[in-house]
Amino acid sequence: RPLRPGGALAVCFRAFLVLERGVEVAKQMAGLAVEDLAASTKEYFSPISLALIPLLTLFVFELGLFLSAVFFVYELTSNKFTRNLTQELTIAILASIFMGFGFAFLLLSSGIYF
């Protein structure tokens, strides 16, 4: 059955050919540049010791959980007349940042490097 110029099968076939050519070009570029890259690279040292990452995970997660607890207590004990939006946002943003870094350190301590 012939391929129609605008048909889905023709589009898939063209995409496959482009992908195949792209892989070949990438292999050629990688083969040419490997020696140059190996000679010009420097060894990378982590700014944080790998032995400290589990400790940082616990500390940052605990700080984030504490700030989350402060936020929830503030929300439960205040009424609509005594609430302060700036204070709410400050506590919530700090808690979110610390929980995010805690999760990142958790991934690093479990061996998932990103």
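Here are a few questions and answers about this predicted model.

User: What does the secondary structure of the chain come to, in helices and strands?
Analyst: Happy to start there! Read from the N terminus, the elements run α-α-α. That pattern goes with a count of zero strands and three helices.

User: What percentage of the residues in the chain is buried?
Analyst: To count as buried, a residue needs under 20% relative accessible area. The chain has 114 residues. Of these, the buried share is 15%.

User: Is Leu55 buried or exposed?
Analyst: Let's place Leu55 before we judge it. Leu55 sits in helix α2, which covers residues 53–77. The cut-off for exposed is over 50% relative accessible area. Because its relative accessibility is 56%, Leu55 counts as exposed.

User: How far apart are the C-alpha atoms of Leu55 and Phe105?
Analyst: Along the chain, Leu55 and Phe105 are 50 residues apart. In space, their C-alpha atoms are separated by 9.2 Å.

User: Which residues line the largest pocket?
Analyst: Good thing to look for in the 3D view! This pocket holds about 160 Å³ of space. Its lining is made up of Tyr44, Ser46, Pro47, Ile48, Leu50, Ile53, Leu108 and Tyr113.

User: How many residues of that lining are nonpolar, polar and charged?
Analyst: Tyr, Pro, Ile and Leu count as nonpolar, so the residues of those types in the lining fall into that group. Ser belongs with the polar residues. The division is seven nonpolar, one polar and no charged.

User: What share of the exposed area do carbon and sulfur atoms supply?
Analyst: The chain exposes about 9500 Å². Of that area, carbon and sulfur atoms supply 72%.

Methods
Residues numbered from 1 in each chain as written. Predicted model: local features only at pLDDT ≥ 70, side-chain atom pairs only at ≥ 80, totals over all residues. Heavy atoms only, no water. Helix = DSSP H or I, 4+ residues; strand = E, 2+ residues; numbered from the N terminus. Buried < 20%, exposed > 50% of the residue type's maximum accessible area, 1.4 Å probe, protein only. 1 Å grid on protein atoms, 1.4 Å probe; cavity = no way out; pocket = protein on both sides within 12 Å on 5 of 7 lines; lining within 4 Å. Points joined across faces, edges and corners; volume = space filled by probe spheres on them. Areas by Shrake-Rupley, 256 points an atom, 1.4 Å probe, with all protein chains shown as cover.
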